[in-house]
Amino acid sequence: MITHIVMWKFKAGEQAAMHQFLDGLQALNGVIPQIKGMTVRVSVNDANAYDAVLISKFDSLADLEAYKVDPRHVAVSQLCKSIREDRAAIDIEE
């Protein structure tokens, strides 16, 4: 099992767009078959370095790569790229 963790810092004034992106991302759960589980959360602490996190599960790295290039994921990600200030990601095997 692969756990894919992504954190984002969004540009100031992009709260509405951030929620639109995160809602769109969460809506992919159960739609893209490679996703085995997904959690999307917003930080409750303004002092944190990042504003939101995605924790998703895949059976394999090949499934993760298929998710990344799925047109539905690519479409949602386009909004994120225009409103994010920073992004960090890690993939771990369980």
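**Core, pocket and helix α3 in a predicted model**

The largest nonpolar core, a set of buried Ala, Val, Leu, Ile, Met, Phe, Trp, Tyr and Cys residues joined through side-chain atoms within 4.5 Å, has 22 residues, and those with the most contacts inside it are Trp8, Phe10, Phe21, Leu25, Leu54 and Tyr67. This is a predicted model, in which local features need pLDDT of at least 70 and side-chain atom pairs count only at pLDDT 80 or more, while totals for chains, interfaces and linings use all residues. Residues are numbered from 1 along each chain as its sequence is written, and side-chain values use heavy atoms, with hydrogens and water left out.

**Nonpolar core**

- At least two core residues each are supplied by β1 (2-10), α1 (15-26), β2 (37-42), β3 (52-58), α2 (61-69) and α3 (71-83), where helices (H or I, at least four residues) and strands (E, at least two) are DSSP runs numbered from the N terminus.
- With five residues, α1 gives the most to this core.
- Contact means heavy atoms within 4.5 Å, and, leaving aside neighbours within four places in sequence, Leu54 is in contact with His4, Ile5, Val6, Trp8, Leu25, Met38, Thr39, Val40 and Tyr67.

**Ala52 in strand β3**

- Ala52 lies in strand β3 and is buried, with a relative accessible area of 4%; buried means under 20% relative accessible area, exposed over 50%, and partly exposed in between (1.4 Å probe, protein chains only).
- The C-alpha atoms of Ala52 and Trp8 are separated by 5.5 Å, although the two are 44 residues apart along the chain.
- Leaving aside neighbours within four places in sequence, the contacts of Ala52 are Val6, Met7, Trp8, Phe10, Leu22, Arg41, Val42 and Ser43.

**Helix α3**

- The buried residues of α3 are His73, Val76, Ser77, Cys80 and Ile83, and they pack against β1, α1, α2 and β4.
- At the start of α3, a side-chain oxygen of Asp70 reaches to within 2.8 Å of the backbone nitrogen of Arg72.

**Largest pocket**

- On a 1 Å grid over the protein atoms alone, a pocket is an open set of points where a 1.4 Å probe fits, with protein on both sides within 12 Å along at least five of seven lines, and lining residues have an atom within 4 Å of a point.
- The largest pocket is lined by 16 residues, of which His73, Ser77, Lys81, Arg84 and Arg87 lie nearest its centre.
- Two or more lining residues come from each of β1, α1, α2, α3 and β4 (84-93), and the largest share, six residues, comes from α3.

Terms used
Polar contact = N/O pair within 3.5 Å; in protein donor to acceptor, adjacent residues only side chain to side chain.
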